[in-house]
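Reader: I should like a close look at one strand of this model and at the parts that surround it. Please describe how its residues are covered, what it pairs with, and where charged side chains lie.

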Amino acid sequence: MAIILGIDPGSLKTGFGLINALGGRYEYVASGVIRLPKAELPERLHVIFESLIEVIEEYSPQEMAIESVFMSKSAGSAIKLGQARGAAIVAATSSDLPVAEYEAKKVKQSVVGSGGADKAQVQHMIKQLLKLSATPQEDAADALAVAICHANTQQHLIAIAEGKRFRRGRMV
């Protein structure tokens, strides 16, 4: 049993989601979106850091997973995204949480079954997998997807370490 904090970083809003991973099952703990002020980037990074410290203190996750940087059309946007990721990672490491990073395509593949899934598909699958009564906000759903991707990856690694056999990507 481990509480995993998933992060979907952004310089305008950052999604977070917490799940309790119980073997191959997942329970929803909490999620939300940190809406950042219209301020200079250093102040927005500080809000990300402080907000995530509060989330970590409130829910006591054992691990954090975050979406890795992808190249966007604008180099400036990619740099800001990297800085937002950095603020989130520092919040985790200052709380002694191990941090795992996953590409967006791997997260979508893990949750939806297609690395090219759109945000609506991710939201729908998160609602189904976590048995939620309502569809979560886009950024919160993405963060929950990152947490589930991490839990799936950890389960797979444990199975490999225990010497379980796989056929076509499934444990037999």
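Author: In strand S4, Glu63, Ala65 and Glu67 point one way, Met64 and Ile66 point the other way, and all of them are buried. Buried here means under 20% relative accessible area, exposed means over 50%, and partly exposed lies in between, with a 1.4 Å probe and protein chains only as cover. The strand spans residues 63-67, and 5 of its 5 residues are buried. Helices (H or I, at least four residues) and strands (E, at least two) are DSSP runs, numbered from the N terminus. This is a predicted model, in which local features need pLDDT of at least 70 and side-chain atom pairs count only at pLDDT 80 or more, while totals for chains, interfaces and linings use all residues. Residues are numbered from 1 along each chain as its sequence is written, and side-chain values use heavy atoms, with hydrogens and water left out.

S4 has partners in S1 and in S5. Two strands pair if DSSP finds at least two bridges between them. Strand S1 (residues 2-8) runs parallel to S4, and 4 bridges join the two; Ile4 stands opposite Glu63 of S4. Strand S5 (residues 99-102) also runs parallel to S4, again with 4 bridges. Met64 has Val99 of S5 as its bridge partner, and Glu67 is matched with Tyr102 of S5.

The two partners of S4 can be taken in turn. S1 is largely enclosed by the rest of the structure, because 7 of its 7 residues are buried. Ala2, Ile4, Gly6 and Asp8 point one way from S1, whereas Ile3, Leu5 and Ile7 point the other way, and all are buried. S1 also pairs with strand S2 (residues 13-22), in the antiparallel sense and over 7 bridges. The connection from S1 to S2 is a hairpin through 4 residues, and Ile7 has Phe16 as its bridge partner in S2. S5, on the other side of the account, has a covered face formed by Ala100 and Tyr102 and an uncovered one formed by Val99 and Glu101. Thus Val99, the partner of Met64, belongs to the uncovered face of S5, and Tyr102, the partner of Glu67, belongs to the covered face.

Glu101 of S5 also takes part in a salt bridge, that is, a side-chain nitrogen of Lys or Arg within 4 Å of a carboxyl oxygen of Asp or Glu. Its side chain meets that of Arg85 at 2.3 Å, N to O. Arg85 lies in helix H2 and Glu101 in strand S5, so the pair ties together parts that are 16 residues apart in sequence. Arg85 is buried, with a relative accessible area of 9%, whereas Glu101 is partly exposed at 47%.

Between helix H2 (75-94) and S5 there is a loop, and Asp96 has its place there. Asp96 counts as exposed, at 71% relative accessibility. Asp96 and Gln62 are 34 residues apart in sequence, and their C-alpha atoms are 8.8 Å apart in space.

Helix H1 (residues 41-59) contains Glu54 and also Glu57. Glu54 counts as exposed at 53% relative accessibility, and Glu57 is exposed at 61%. The C-alpha atoms of Glu57 and Ser95 are separated by 8.6 Å, although the two are 38 residues apart along the chain. Glu50, Glu54, Glu57 and Glu58 gather in a patch of negative charge on the surface. Such patches are made of residues with over 30% relative accessible area and no salt bridge; like charges are joined within 9 Å, and nonpolar side chains (Val, Leu, Ile, Met, Phe, Trp, Tyr) within 5 Å.

In the whole structure, a search finds 4 salt bridges. Among them is the contact of Lys119 with Asp142, whose closest N and O atoms are 2.4 Å apart. Lys119 lies in helix H4 (residues 119-129) and Asp142 in helix H5 (residues 138-161), so the pair ties together parts that are 23 residues apart in sequence. Lys119 is partly exposed at 36%, and Asp142 is buried at 8%.

As for the wider setting, the protein has 5 helices and 7 strands, and 43% of its 172 residues count as buried.

Key: Areas by Shrake-Rupley, 256 points an atom, 1.4 Å probe, with all protein chains shown as cover. Lys, Arg positive; Asp, Glu negative; His and termini not counted. Charge placed at Lys NZ, Arg CZ, Asp CG, Glu CD.
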